[in-house]
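Here are a few short exercises to work through with the structure open beside you. Try each task before you read its solution.

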Amino acid sequence: MRAQFVLSEIGVGLRRNLTMTFAVIVSVALSLGLFGASLLMRDQVSTMKGYWYDKVNVSIFFCNKNDADTGANCAKGAATQQQKNDILAELHNLKIVQSVQHETSDQAYKHYKEQFGDTPVAGLVTPDQLPESFRVKLKDPTKYEVIKSAFSERPGVQEVQDQRDTVEPLFNLLNGMNWAAIGVMVLMLIVALLLIVNTVRVSAFSRRRETGIMRLVGASSFYIQMPFILEAAIAGLLGAAFACVLIVGGKAILINNWLADKIQVINFIGWDSVAQVLPLVLLIGLLMPALAAFFALRKYLKV
């Protein structure tokens with residue numbers, strides 16, 4: 001009998017405040033959708049960093065015959081074979097070095113042609129203008145400074161370059177977008193909480209006579225609060241369900257069917273990451289409105 005009464009009160013409350021309930025559902029769906037998207041974007045950035053940082057190298061470029069006026073290291077002309085052998089031996093002795101690949105000027109020119117193809121820029125460079133280099137793969141890419149400090153001032157070395165510098169701006173952009181999404185999410189959550197509190201208060205005010213009678217006949221605070229809390233929890237859960245639909249749809253349509261075909265060099269997150277986010281979204285969608293309703297109702301239990 002008590003359960004039937006609570007369920008009937010929930011139905012009455014949802015029907016009386018249909019417009020505000022709909023607003024709560026939409027705001028919760030948008031805020032939790034952004035919350036889930038921000039978590040997935042964070043995972044995507046971490047996945048991309050692991051993928052690209054594992055592939056980037058530290059390049060030690062040697063002076064060639066055209067570099068005599070480019071710096072003190074190249075003042076004596078092209079690097080000698082002895083200088084290259086000394087640096088190679090030292091690299092093999094460093095524990096942070098995983099492998100060293102030698103790239104000649106001809107190989108560098110071949111890679112240059114592959115990158116720029118038939119564009120006008122491709123004809124501006126000749127093989128003798130591209131420096132010979134060692135491509136050093138580190139066990140820990142963050143140890144780049146060790147290589148730079150050890151070899152950047154060595155005779156015959158034109159430059160020590162960390163290829164992470166070419167991908168770091170992309171990661172900074174993605175991190176910035178992630179923080180922007182989090183900021184919008186926080187704003188939407190505040191809006192959702194305000195709507196939930198106002199909806200509960202309007203519902204409690206419209207039923208203040210019934211609430212007063214229940215208090216006078218000895219009903220407990222929990223029993224009086226339960227219909228209002230469940231109304232908010234149901235609205236929040238519906239919003240969370242719509243947020244899950246948005247997240248799954250974004251993964252299936254935006255990532256799998258569009259971005260994955262357009263940008264094949266990126267290793268996108270899988271469905272396992274989405275499966276980890278959805279339960280958290282549903283849990284927050286259920287608990288957040290219930291707790292907001294609980295604290296908003298305390299003053300209306302005093303008769």
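Let's warm up with a helix. Leu 291 is found in helix α9, and the model you are looking at is a predicted one.

**Exercise 1. Find the nonpolar surface patch that includes Leu 291, and work out which element gives the most to it.**

Step 1: Collect the members. Leu 291 forms a nonpolar patch on the surface together with Leu 237, Leu 280, Leu 282, Leu 283, Leu 286, Leu 287, Phe 294 and Phe 295.

Step 2: Look up the area. Together these residues have about 760 Å² of accessible area.

Step 3: Assign the patch to elements. Helix α9 gives the most, with eight residues.

**Exercise 2. Decide whether Ser 273 is buried or exposed, and list what it touches.**

Step 1: Place the residue. Ser 273 lies in α9, which spans residues 271–297.

Step 2: Apply the cut-off. Buried means under 20% relative accessible area. Ser 273 has 12% relative accessibility, so it counts as buried.

Step 3: List the contacts. Leaving aside residues up to four places away in sequence, Ser 273 touches Leu 40 and Asp 43.

**Exercise 3. Explain why strand β1 is described as largely enclosed, and sort its side chains by direction.**

Step 1: Count buried residues. In β1 (residues 58–62), five of the five residues are buried, so the strand is largely enclosed by the rest of the structure.

Step 2: Recall the rule. Side chains in a regular strand alternate between the two faces of the sheet.

Step 3: Sort the residues. Val 58, Ile 60 and Phe 62 point one way from β1, while Ser 59 and Phe 61 point the other way. All of them are buried.

**Exercise 4. Which strands pair with β1, and in what sense?**

Step 1: Take β3 (residues 133–138). It pairs with β1 in the antiparallel sense over four bridges. Ser 59 stands opposite Arg 135, and Ile 60 stands opposite Phe 134.

Step 2: Take β4 (residues 157–162). Five bridges join it to β1, and the two run antiparallel. Here Ile 60 stands opposite Val 160.

**Exercise 5. Continue from β3: find its pairing with β2 and describe its burial.**

Step 1: Follow the bridges. Strand β2 (residues 97–103) runs antiparallel to β3 and is joined to it by six bridges. Gln 101 stands opposite Arg 135.

Step 2: Check the cover. Six of the six residues of β3 are buried.

Step 3: Sort the side chains. Ser 133, Arg 135 and Lys 137 point one way from β3, and Phe 134, Val 136 and Leu 138 the other way.

Terms used: Residues are numbered from 1 along each chain as its sequence is written. This is a predicted model: local features need pLDDT of at least 70, side-chain atom pairs count only at pLDDT 80 or more; totals for chains, interfaces and linings use all residues. Side-chain values use heavy atoms; hydrogens and water are left out. Buried means under 20% relative accessible area, exposed over 50%, partly exposed in between (1.4 Å probe, protein chains only). Two strands pair if DSSP finds at least two bridges between them. Contact means heavy atoms within 4.5 Å. Patches are made of residues with over 30% relative accessible area and no salt bridge: like charges are joined within 9 Å, nonpolar side chains (Val, Leu, Ile, Met, Phe, Trp, Tyr) within 5 Å. Accessible areas come from the Shrake-Rupley method with a 1.4 Å probe; for residues, only the protein chains shown count as cover. A salt bridge is a side-chain nitrogen of Lys or Arg within 4 Å of a carboxyl oxygen of Asp or Glu.
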